[in-house]
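Let's take a walk through a protein chain together. Have the picture open beside you and look for each part as it comes up.

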Amino acid sequence: MRTDSPTTGVSRARTSGLVLALVSACAFGSSGVAAKPLIEAGLEPLHVTWLRAAGGALVMLPLAWRHRALVRERPWLLVGFGLLAVAGVQAFYFTALSRIPVGVALLIEYLAPALVLLWVRFVQRRAVTRAAAVGMVLAVGGLSCVVEVWAGLRLDGLGLLLALGAACCQVGYFVLSDHGSGVEEGDAARPPADPIGVIAYGLLIGALALTVVARPWHTDWSVLGGSAKLQGSGVPGLALLVWIVLVATATAYLTGVVSVRRLSPAVAGVVACLEAVIATVLAWVLLGEHLSAVQLTGGAVVLLGAFIAQRSTPKAPADDAAPVAGSTGPAGAAADVSAR
């Protein structure tokens, strides 16, 4: 009877993990392209955000019940993740989409890994490596090309600030993900929080928080019953919402979590960077949002800087009892629990 060698099994796991990571990046990258037509058709950005979070929470409710022990063990982690990583990131990102191109909004959000370095340096007062500093400089320089600062910021200023708000919320998500990766409390090691449970409760708490802010009872439900324009063609609004909930939320989160368990966090984090590329290409093809050659070059530099920052964030000292942002590195946090 023929049996596969351990090496073959590892190779298959890595291959399937890579495929799942690519599926996750494509699914996440499609969220803005599906949401923007709904916003342009008349739905408020916050209402789209609430529908995504509430729909995702409903789909993942069985997983939340399965990991209900987290409510007792990590209540503040779940609340922080729901408010920042789900409600904050998505609300700022979708609102930014109503004012600036999808690709630009997502590229600005990808400043988050570089901004984590500021947290490490000035809040935790830890030195950062030279490579990490270079990554941050590249990310900021690339962003200046994306927004064309020499032309007096041709893009909407408020839209840029909203996208930057999404990046700042993403920083909070990185820090919370690190605190959920397992900490020492007294003499007993606290086990890491299961990322699937954190995602499920994050969506649930985020949806509850957004209910207060978005007031979904004022949603123009007729938009979902009608059609939205996608590259000049009419697409049912309900179909776009179903895509956002089932593909860009539930499928994206679950495939991302499973992929990280089959790949290293660093590899999964690199693949996740393709999300910005995929979103830009989809927006170009489906929404007609063309970026200039300079903006595309700047976007590539932003992703390069984010990658270097992810790989170069300093690890916590061995004698440090308290967890810090970057003890697993932003790439690890990003891959463990995605926040887009």
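We begin with the whole chain and then visit some of its helix pairs and single residues.

Keep in mind from the start that this is a predicted model. The chain holds 17 helices and 4 strands. Of its 340 residues, 51% are buried. Take the contacts between residues at least 6 apart in sequence: 84% of these join residues at least 24 apart. You will meet several such long-range partners along the way.

How do we describe two helices that pack together? Two packed helices are described by the angle between their axes and the distance between the axes. Let's try this on helix α6, residues 75-97, and helix α11, residues 195-214. The axes of α6 and α11 come within 7 Å and cross at roughly 65°. The crossing of α6 past α11 is right-handed. On the α6 side, the residues in contact include L77, L78, F81, G82 and V86, and on the α11 side they include V198, Y201, G202, I205 and G206. Sorted by class, this contact of α6 with α11 has 15 nonpolar and 4 polar residues, and no charged ones.

Now zoom in on G82, a residue of helix α6. Is G82 buried or exposed? Its relative accessibility is 0%, so G82 counts as buried. Setting aside its neighbours within four places in sequence, G82 touches A87, G202, I205 and G206. The C-alpha atoms of G82 and A200 are 9.3 Å apart, although 118 residues separate the two along the chain. P75 is also in helix α6. With a relative accessible area of 35%, P75 is partly exposed, because buried would mean under 20% and exposed over 50%. P75 and Y201 are 126 residues apart in sequence, with their C-alpha atoms 9.8 Å apart in space.

Next, follow the chain to the loop between α11 and α12, where you will find R215. What should you look at here? Most residues other than glycine have a negative phi, and most peptide bonds are trans. R215 is not a glycine, yet its phi is positive, near 50°. R215 is partly exposed, at a relative accessible area of 46%.

Let's move to another helix pair: α2, residues 31-40, and α3, residues 45-59. Their axes come within 10 Å and cross at roughly 130°. That angle makes α2 oblique to α3. Helix α2 passes α3 in a right-handed crossing. Here S31, A35, L38 and I39 of α2 meet P45, V48 and R52 of α3. The contact of α2 with α3 is made up of 5 nonpolar residues, 1 polar and 1 charged.

One of the residues in that contact, S31, deserves a second look. S31 sits in helix α2 and is buried, at 2% relative accessibility. Leaving out residues up to four places away in sequence, S31 touches R52, Y93, F94, I244 and A248.

Compare this with a third pair, α8 (residues 112-123) and α9 (residues 130-146). The axes of α8 and α9 come within 9 Å and cross at roughly 130°. That makes α8 oblique to α9. Helix α8 passes α9 in a left-handed crossing. A114, L117 and L118 from α8 meet A132, A133, M136 and A139 from α9. By class, the contact of α8 with α9 has 7 nonpolar residues, with no polar and no charged ones.

Our last stop is a pair of rings. A pair of aromatic rings is described by the distance of the centres and the angle of the planes. The count for this model is 2 aromatic pairs. In one of them, the ring centres of F28 and Y253 are 5.2 Å apart and the planes stand at 80°, so the pair is edge-to-face. F28 belongs to helix α1 (residues 6-29) and Y253 to helix α13 (residues 237-262), so the pair links parts of the chain 225 residues apart. Both partners are buried: F28 has 1% relative accessibility, and Y253 has a relative accessible area of 2%.

Definitions and conventions: Residues numbered from 1 in each chain as written. Predicted model: local features only at pLDDT ≥ 70, side-chain atom pairs only at ≥ 80, totals over all residues. Heavy atoms only, no water. Axes fitted to C-alpha atoms, helices over the stretch in contact; angles between N-to-C directions. Helix = DSSP H or I, 4+ residues; strand = E, 2+ residues; numbered from the N terminus. Parallel < 35°, antiparallel > 145°, perpendicular 65-115°, else oblique. Left-handed = near helix turned anticlockwise from the far one by under 90°. Contact = heavy atoms within 4.5 Å. Nonpolar A, V, L, I, M, F, W, Y, C, P; charged D, E, K, R; others polar. Phe/Tyr/Trp six-rings, centres within 6.5 Å; stacked < 30°, edge-to-face > 60°. Buried < 20%, exposed > 50% of the residue type's maximum accessible area, 1.4 Å probe, protein only.
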